[in-house]
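Student: I am new to this structure and would like a close look at one part of it. Could you walk me through how the helices pack and how the charged side chains pair up?

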Amino acid sequence: MKKNDLIENQEFEKMLKEKMNGLSANVDCFDKIAARAFPDKSEDFSDSELTVNELENITGKRRRLPVLKWVSAAAALLLVAGVLPKTIMMSNLKNKLMHKQDKKVYRELISEIKSETENGSYTVLDMPLDEYISNDVLITPFYSCPFERSSKKDMNVRLYIRTVDDVWTNQIYAVEYKGEYSESSIVAAASSKADFSDKEIEQLTNKQIKNVSSIAGMAAVSELFTADGNSFIDENGAVVTAADFSGTIIYKSGDDICTINFDTLYYHNDAKENGCYYYDIHTDCYVDDILDNSFIIPENDWKCSVNFNNNDAFPSSSGSAFERAQLFSDTNTWVINDNIFRIEPFAKSNADKILTDDKKLDMFLTLQTVSSMPFEPTAEISVPEYKAFQKTTSVFFPTTIKKNEYLDDIIIMAGTQFKGYTVFYADQDFKTPDDIYSTMEFDDLRYEAQLLEAMINIHGSKFTDDQLIDVKKQLSRLNALISEYSEDERISAENHAQLQKQAESEEQQRMKAEKTADHKSDQTVTR
Amino acid sequence: MTADTNFSAGGDSIIFATFSQNSRASGTIGEVNQLIIECSTSKESLCRLYEMFKDNVFAIAFSITADYHLSEDCVTETFVRLSQVKKFSHTKGDGKGFILTIARNVALELRRRYKREITDDIIQSYGETEQTVEDSIYINQLLRYLNDKQRQIVVLKCCAELTFKEIAKIMKAPETTIKSRYKRAIAILQEKAGVTSEKE
């Protein structure tokens with residue numbers, strides 16, 4: 001018997017070895033190894049993904065404007081905008097600027113851009129002009145492109161976004177140029193109103209940034225759409241695909257500075273070719289680390305946009321493929337129904353490895369073994385270049401999605417036939433509402449529970465019976481998780497919260513004292 | 001390189017890979033050690049080591065990361081680091097074990113960086129061809145039933161063809177422990193793979 005066991009073991013080992021060798025057979029990376037081990041010239045080794053390069057220059061990459069089937073997040077900039085549709089915003093903006101535009105000469109603006117970006121910390125993004133005009137929400141969710149569409153070929157935009165500890169601010173410069181980027185190829189420039197002083201930047205450095213809530217987008221999708229087979233459908237029965245991304249911006253308006261956590265939700269009607277995308281942005285504003293959602297976020301806050309001949313360069317109308325819609329409910333931003341999963345495709349995969357050549361993410365539902373590839377994509381996502389925001393991208397799927405008929409799991413793949421696939425399994429990679437709650441810290445759980453309680457108290461009469469049941473179910477989930485914390489952890493968390501509040505209060509007092517001292521000093525100088 | 005991957009164009013998914021095994025001979029211990037000493041200055045030596053150990057390095061990386069692309073990165077990183085080794089004893093060193101130890105450490109490092117939580121769950125991303133994707137899913141479906149250490153031991157034994165003694169040295173565990181973990185792991189895998197064994 002032992003001999004039989006030995007033979008079966010050996011056969012099994014041989015089988016495993018053959019399969020593993022089959023996997024490694026396609027690995028061919030010696031060129032890359034040799035290039036790093038024996039470099040001929042300085043090369044870019046950003047493949048290792050270990051280099052944080054805040055100047056992500058993608059000049060030279062020419063992408064055609066993709067015909068986007070539908071959209072998904074990937075943050076890019078943060079800028080604040082109002083809730084008006086983009087077309088109205090654009091004409092309002094132009095009108096404002098005709099009257100109020102700061103008459104900044106083109107050359108002075110270019111000098112300012114050069115000086116600022118050489119001395120400050122900026123993220124740099126390059127993209128074709130047409131792409132920025134169409135996909136503005138994917139690139140700068142709160143700002144539209146400040147330049148007119150051009151009939152000339154090879155027109156591009158470079159954005160400089162000022163950062164603090166790699167967190168974006170709303171101080172932005174935009175430059176339109178032709179071909180390769182150089183000072184002589186620039187044809188227009190724009191700047192935002194926000195202008196952080198060095199002192200403000202210094203004060204903001206090492207600032208604690210609160211985690212962005214990952215609930216709002218998921219809650220909105222679970223509320224807006226109905227699970228139907230492998231897809232979501234809207235109220236008209238049309239198949240839609242939805243995704244979101246989140247980020248943080250340090251925003252300055254006038255003299256006020258606030259930290260905005262935002263969640264941008266997109267969806268697209270799959271049946272409509274070249275149709276528009278609908279989007280909405282949920283924001284939490286923190287002023288001096290205190291939540292203050294009364295903070296008004298100005299819309300499309302460009303200061304000026306000028307051509308090389310000093311003429312106004314603002315577009316006469318918006319060419320965005322995105323239309324603002326109310327997707328986040330005022331009264332129900334936190335309840336997630338049980339009909340939804342979420343995948344974060346870039347949380348475990350390098351975007352370069354799974355994006356198509358035109359920078360899209362294709363996702364495939366495998367209903368059977370892979371021998372019938374290629375599949376029709378279940379979902380398609382366009383993502384921007386900025387990798388830090390790709391990481392926060394989520395794609396939503398309904399819980400009614402089919403399992404693989406040969407395996408026990410739901411399997412979604414993302415990638416391409418030639419670059420390889422990343423595989424997601426339902427029980428590991430699909431985030432349910434409970435998964436999200438289970439990763440939250442004690443303080444965040446308590447905060448969420450308090451919000452829900454407040455929502456029930458204030459808005460409970462507006463809920464339908466089913467909605468009220470869902471909210472209460474969600475609250476009891478949260479309370480159950482909170483009670484799992486040990487007494488020690490709870491005390492420790494409460495002490496920590498208390499210490500934090502004390503520190504915040506001391507900081508506020510210090511800032512007030514500083515302001516007073518500055519004010520007195522200014523008065524002395526004036527005299 | 002000995003592996004050629006060919007794709008048919010136009011969307012058909014007929015993809016095949018052919019490779020020759022001849023150049024992946026194991027080499028003597030002395031030869032491997034000499035190549036390691038030379039590889040910091042000789043591309044040919046590094047290439048030879050790559051051809052000899054790429055599969056083994058990939059296998060150990062895969063057993064830890066369970067991710068094709070991360071494993072590929074691990075292969076790259078392992079041989080780059082190998083080329084930077086300054087001190088290696090020709091007479092005392094165990095070249096194969098040395099390379100696989102580097103591979104293991106790199107894989108653990110990459111997994112730490114790219115996973116949010118350290119769990120025994122397998123993350124997957126796979127392959128360039130139909131067959132490799134299918135193999136990947138199959139292997140991962142099997143290996144997911146093992147814990148982290150069991151996976152590494154099975155792969156080092158089956159794929160890298162190390163002895164228990166060599167595995168014990170890499171994993172810094174007693175040989176008896178390695179043997180018992182391996183036995184247990186194989187029993188689990190055989191059960192899951194549907195291989196039945198007659199018992200006395």
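Tutor: Here is a walk from one helix contact between the chains, along the charged residues beside it, and on to a few other places. Please keep in mind that this is a predicted model.

Let us begin where chain A meets chain B. Two packed helices are described by the angle between their axes and the distance between the axes. Here, helix 2 of chain A, which covers residues 30-37, packs against helix 3 of chain B at an angle of about 35°, and the two axes are 9 Å apart. Their crossing is right-handed. On the chain A side, the residues in this contact are Lys32(A), Ile33(A), Arg36(A) and Ala37(A). Facing them from helix 3 of chain B are Val75(B), Thr76(B), Glu77(B), Phe79(B), Val80(B) and Ser83(B). Sorted by class, the contact between helix 2 of chain A and helix 3 of chain B has five nonpolar, two polar and three charged residues.

Now follow the charges. Side chains of opposite charge can pair when their charged atoms come close. Look for Arg81(B), whose side chain forms a salt bridge with that of Glu109(B), at 2.9 Å from N to O. Arg81(B) belongs to helix 3 (residues 68-83) of chain B and Glu109(B) to helix 4 (residues 95-114) of chain B, so this pair ties together parts that lie 28 residues apart in sequence. Arg81(B) itself is partly exposed, as its relative accessible area is 28%. The pair also belongs to a network: salt bridges with shared partners join Arg36(A), Glu77(B), Arg81(B) and Glu109(B). Two of these names, Arg36(A) and Glu77(B), you have already met in the helix contact.

Over all chains, the structure holds 19 salt bridges. One of them, in chain A, pairs the side chains of Asp280(A) and Arg324(A), with 3.0 Å between N and O. This pair links distant parts of the chain, 44 residues apart: Asp280(A) sits in strand 9 (residues 277-287) of chain A, and Arg324(A) in strand 12 (residues 322-324) of chain A. Both Asp280(A) and Arg324(A) are buried. Another salt bridge joins Arg342(A) to Glu344(A), with the closest N and O atoms 2.5 Å apart. Both Arg342(A) and Glu344(A) are buried as well.

Chain A as a whole gives these pairs some background. Its secondary structure comes to 15 helices and 18 strands, and buried residues make up 51% of its 527 residues. Among its contacts between residues at least 6 apart in sequence, 73% join residues at least 24 apart. For one example of residues distant along the chain, find Ala216(A) in helix 8 (residues 216-224) of chain A. The C-alpha atoms of Ala216(A) and Phe328(A) are separated by 7.4 Å, while the two residues are 112 apart along the chain. Ala216(A) is buried, with a relative accessible area of 1%.

Finally, chain B offers a helix pair of its own. Helix 6 (residues 148-158) and helix 7 (residues 164-171) of chain B pack at an angle of about 135°, with 10 Å between their axes. These two helices of chain B, 6 and 7, are therefore oblique to each other, and helix 6 passes helix 7 in a right-handed crossing. Lys149(B), Gln152(B), Ile153(B), Leu156(B) and Lys157(B) of helix 6 meet Phe164(B), Ile167(B) and Met171(B) of helix 7. By class, this contact has five nonpolar, one polar and two charged residues.

Key
Residues are numbered from 1 along each chain as its sequence is written. Chains are lettered from A and ligands numbered from 1 in the order in which they are written. This is a predicted model: local features need pLDDT of at least 70, side-chain atom pairs count only at pLDDT 80 or more; totals for chains, interfaces and linings use all residues. Side-chain values use heavy atoms; hydrogens and water are left out. Axes are lines fitted to C-alpha atoms, for helices over the stretch in contact, and angles run from 0 to 180 degrees between N-to-C directions. Helices (H or I, at least four residues) and strands (E, at least two) are DSSP runs, numbered from the N terminus. Angles under 35 degrees count as roughly parallel, over 145 as roughly antiparallel, 65 to 115 as roughly perpendicular and the rest as oblique. A crossing is left-handed if the near helix is turned anticlockwise from the far one by less than a right angle, and right-handed if clockwise. Contact means heavy atoms within 4.5 Å. Ala, Val, Leu, Ile, Met, Phe, Trp, Tyr, Cys and Pro count as nonpolar, Asp, Glu, Lys and Arg as charged, and the others, Gly among them, as polar. A salt bridge is a side-chain nitrogen of Lys or Arg within 4 Å of a carboxyl oxygen of Asp or Glu. Buried means under 20% relative accessible area, exposed over 50%, partly exposed in between (1.4 Å probe, protein chains only).
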